[in-house]
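Here is a structure to talk through together. The questions ask what lies behind each label, and the answers set the values against the cut-offs.

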Amino acid sequence: MTFKDKVNGLVVEALLEKPSVFLIDLTITDSFKIIVNLDGDNGVVLQDCIDISRAIENNLDREEQDFSLEVASVGVGSPLKMIRQYKKNVGRTLIVKLATETIEAELVEANDNFIILSWKAREAKKLGKGKETVQKRQEIPYTDIKEAIVTVTF
């Protein structure tokens, strides 16, 4: 069993104890720096990071392989990577980059195949001069999304 396989197994095992927390990314560098990024259905608290860190550290032998370990939650402004992240952010505003356009809109629905965004836009009137505000709604398959980031409003 390789070092990476062992670490991956320990992370998976530790996450079984915390069903609302899930793995976003696990990286092990050539210098054996282990970087674990987590997210959660209700966010990630410090204790979640501590528990996962201990589960990894207490089951690896530094005499066998020296390593450094970093366990953190995904930061504000980090791109969404998993369908589960879209589902937990329904009702929030996203900036979604597609191949031809970028849309800033409210995420009104997320299922296993696509998301639905809703926003207001100014468009030319159908009759007469000037513009009018219209409500737009678009269904976007996950495969069309290049990047999606939750916007933070203060």
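**Rings, sheet and helices**

In this predicted model, Phe3 and Phe67 are both buried.

Q: What makes Phe3 count as buried or exposed?
A: Happily, this is a quick check. The relative accessible area of Phe3 is 17%, and buried means under 20%, so Phe3 is buried.

Q: And how is Phe32 classed, and why?
A: Phe32 has 28% relative accessibility. Buried would need a value under 20% and exposed one over 50%, so Phe32 falls in between and counts as partly exposed.

Q: How many aromatic pairs are there?
A: The count comes to 3 aromatic pairs.

Q: Why is the pair of Phe3 and Phe32 given its label, be it stacked, tilted or edge-to-face?
A: Two values settle this one. The ring centres are 5.3 Å apart, and a pair needs them within 6.5 Å. The planes of Phe3 and Phe32 stand at 85°, and over 60 degrees counts as edge-to-face, so that is the label for this pair.

Q: Which parts of the chain does the pair of Phe3 and Phe32 tie together?
A: Phe3 belongs to helix α1, while Phe32 sits in the loop between β1 and β2, so the pair joins parts 29 residues apart in sequence.

Q: What is the pair of Phe3 and Phe67 called, and why?
A: Its centres are 6.2 Å apart, again within 6.5 Å. The planes meet at 45°, neither under 30 degrees nor over 60, so the pair is tilted. This pair also links distant parts of the chain, with Phe3 in helix α1 and Phe67 in the loop between α2 and β3, 64 residues apart.

Q: Which residues do ring pairs link into a cluster?
A: Phe3, Phe32 and Phe67 are linked in this way.

Q: Now to the sheet: what is the order of its strands?
A: The order is β1-β2-β3 in an open sheet of 3 strands, and the pairing is mixed.

Q: Why are β1 and β3 said to stand at the edges?
A: β1 (21–28) and β3 (68–73) each have a single partner strand, so one side of each has no neighbour in the sheet. On average, neighbouring strands of this sheet are turned by 20° against each other, direction ignored.

Q: In which sense do β1 and β2 pair?
A: They pair in the antiparallel sense, over 7 bridges. Within β2, Leu38 is the bridge partner of Leu23.

Q: Which strands does helix α2 touch?
A: Helix α2 (residues 46–57) packs on the sheet and touches β1, β2 and β3; its direction makes about 155° with that of β3.

Q: How do you know that the span of α2 agrees with what is expected?
A: At 1.5 Å a residue, its 12 residues should span 16 Å, and the end C-alpha atoms are 16 Å apart, so the two agree.

Q: Which residues of α2 are buried, and what puts them on the same side?
A: The buried residues are Asp48, Cys49, Ile52, Ser53 and Ile56. Their arc around the axis is only 130°, which puts them on the same side of α2. The exposed residues Leu46 and Arg54 are on the face turned away from that buried side.

Q: Last one: why is Asn113 called buried or exposed?
A: Its relative accessible area is 55%, and exposed means over 50%, so Asn113 is exposed. Asn113 lies in the loop between β5 (102–110) and β6 (114–124).

Methods: Residues numbered from 1 in each chain as written. Predicted model: local features only at pLDDT ≥ 70, side-chain atom pairs only at ≥ 80, totals over all residues. Heavy atoms only, no water. Pairing = 2+ DSSP bridges. Helix = DSSP H or I, 4+ residues; strand = E, 2+ residues; numbered from the N terminus. Axes fitted to C-alpha atoms, helices over the stretch in contact; angles between N-to-C directions. Contact = heavy atoms within 4.5 Å. Expected span 1.5 Å × (residues − 1). Buried < 20%, exposed > 50% of the residue type's maximum accessible area, 1.4 Å probe, protein only. Arc of directions from axis to C-beta. Phe/Tyr/Trp six-rings, centres within 6.5 Å; stacked < 30°, edge-to-face > 60°.
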